Amino acid sequence: MSSARVMCSVPLTLQSAACPLCGSPSADLFLAAPDRYHWRSEVYRMLRCSGCCCVWTADPPAPKNMAFHYGEDYHRAIRAGGERDAAARWKVPRRTIARYKKSGCILDIGCSSGGFLKTMNGWSLHGIELDPKTAERARMNVSGDIFVGNALEAPFAQDTFDVITCFDVLEHFYEPLELVRKIATWLKPGGVFYMRVPNVASWEARLLRSYWFGLELPRHLFHFSPSAVRNLMRSTGMEELSLTAKGTYIEPSVAYLRTRLVERLGFTPVPLVAAPEPGIAWKAVRKCIRALVLEPFGGIAGMAGAGACLDALFRKPGPSGTPGRAGFTGDAPVTSDGEGV
Ligand SMILES: [Zn+2]
């Protein structure tokens with residue numbers, strides 16, 4: 001955490017069994033799992049709110065200790081992922097945004113090294129990145145404004161952006177409700193918020209349990225389902241444009257199972273974070289497995305609304321739209337995951 005004003009203790013809302021988003025006192029143990037990405041032994045508990053479906057990591061590391069749970073290897077992997085084949089990787093998000101907005105002022109929260117922003121030609125570009133080293137790289141890649149630090153402290157004025165994106169980021173926040181309230185403020189009336197988070201209600205998450213890659217403990221502090229996203233966003237008064245659940249994390253999840261097998265056989269496993277780049281032969285085999293098994297599985301899961309990645313678009317009501325609500329005090333929350341996805 002680079003900002004001096006960032007709290008160094010876990011927010012009170014995450015230290016109790018009450019839901020950090022809706023305040024409901026009724027929560028059950030959802031799952032317990034370690035950090036399989038670094039292959040560490042400490043186990044973290046996740047609780048699930050029976051009111052708004054939110055799942056959160058109970059008693060996570062304090063912000064001042066979180067750097068240890070990311071590490072330079074993690075940041076390097078994320079930067080590489082965002083920059084590799086950027087034009088192709090970000091084609092679908094670009095096309096999705098173009099359905100609603102053709103140009104204007106865009107903010108990417110958690111912009112990493114600017115892989116996505118760099119592809120948004122013709123837009124006024126703004127990014128937020130917490131890691132100073134990664135932000136430095138974003139400044140080199142993107143001709144725009146990059147804020148370095150905690151998004152909650154970014155100094156943007158009300159009604160500034162036409163589009164705000166947040167890809168695989170909201171689940172890392174200690175206070176996602178505060179962030180979406182900020183987003184609702186920063187958007188112009190009629191502006192679009194586009195978020196992507198892992199779907200904890202996906203088929204593969206249910207099947208693989210603690211081995212599911214999307215858990216990313218303890219870096220993921222919240223674990224969203226379609227119902228939880230709807231309840232969270234509805235609390236800001238934003239209107240749903242679309243919510244889909246496609247894609248798969250089967251490949252890295254299987255790597256976790258393989259690592260566990262290596263360990264059970266008495267060998268020292270290489271954690272995914274330190275896995276070497278695969279050779280050409282293995283890349284070819286992997287390409288076949290993707291085409292024959294993973295893509296069909298991901299496609300079927302997506303058609304059933306049970307894929308691993310939730311893509312959600314919401315719009316801030318225009319001047320004549322419904323005024324925003326201040327909290328989880330409006331309509332009854334959605335409590336059935338997967339419905340209508
Ligand atoms: Zn709740």
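Here is a short tour of the two sheets in this predicted model, with selections to make along the way.

**First stop: the seven-stranded sheet**

Colour the strands and look for an open sheet with mixed pairing, built from seven strands. Reading across, you will meet β6, β5, β4, β7, β8, β11 and β10, in that order. To find the two edges, select residues 145-148 for β6 and 239-246 for β10; each of these strands pairs on one side only. As you move across this sheet, neighbouring strands are turned by 15° against each other on average, ignoring direction.

**The helix on the sheet**

Next, select residues 176-186. This is helix α6, which packs on the sheet and touches β4, β7 (161-167) and β8 (187-198). Turn the view until you can compare α6 with β8: their directions make an angle of about 145°.

**A parallel pair**

Now show residues 105-109 (β4) together with 124-129 (β5). The two strands run parallel, and five bridges join them. For one spot to zoom in on, pick Ile 106, whose bridge partner in β5 is Leu 125.

**Second stop: the four-stranded sheet**

Move on to another open sheet, this one with four strands in the order β1-β2-β3-β9 and antiparallel pairing. Its edges are β1 at 27-34 and β9 at 222-223, each pairing on one side only.

**An antiparallel pair**

For the last selection, take residues 43-49 (β2) and 55-58 (β3), which run antiparallel and are joined by four bridges. Which residue of β3 is the bridge partner of Met 46? Label Thr 57 and you have found the partner.

Note on methods
Residues numbered from 1 in each chain as written. Predicted model: local features only at pLDDT ≥ 70, side-chain atom pairs only at ≥ 80, totals over all residues. Pairing = 2+ DSSP bridges. Axes fitted to C-alpha atoms, helices over the stretch in contact; angles between N-to-C directions. Contact = placed C-beta atoms within 7 Å.
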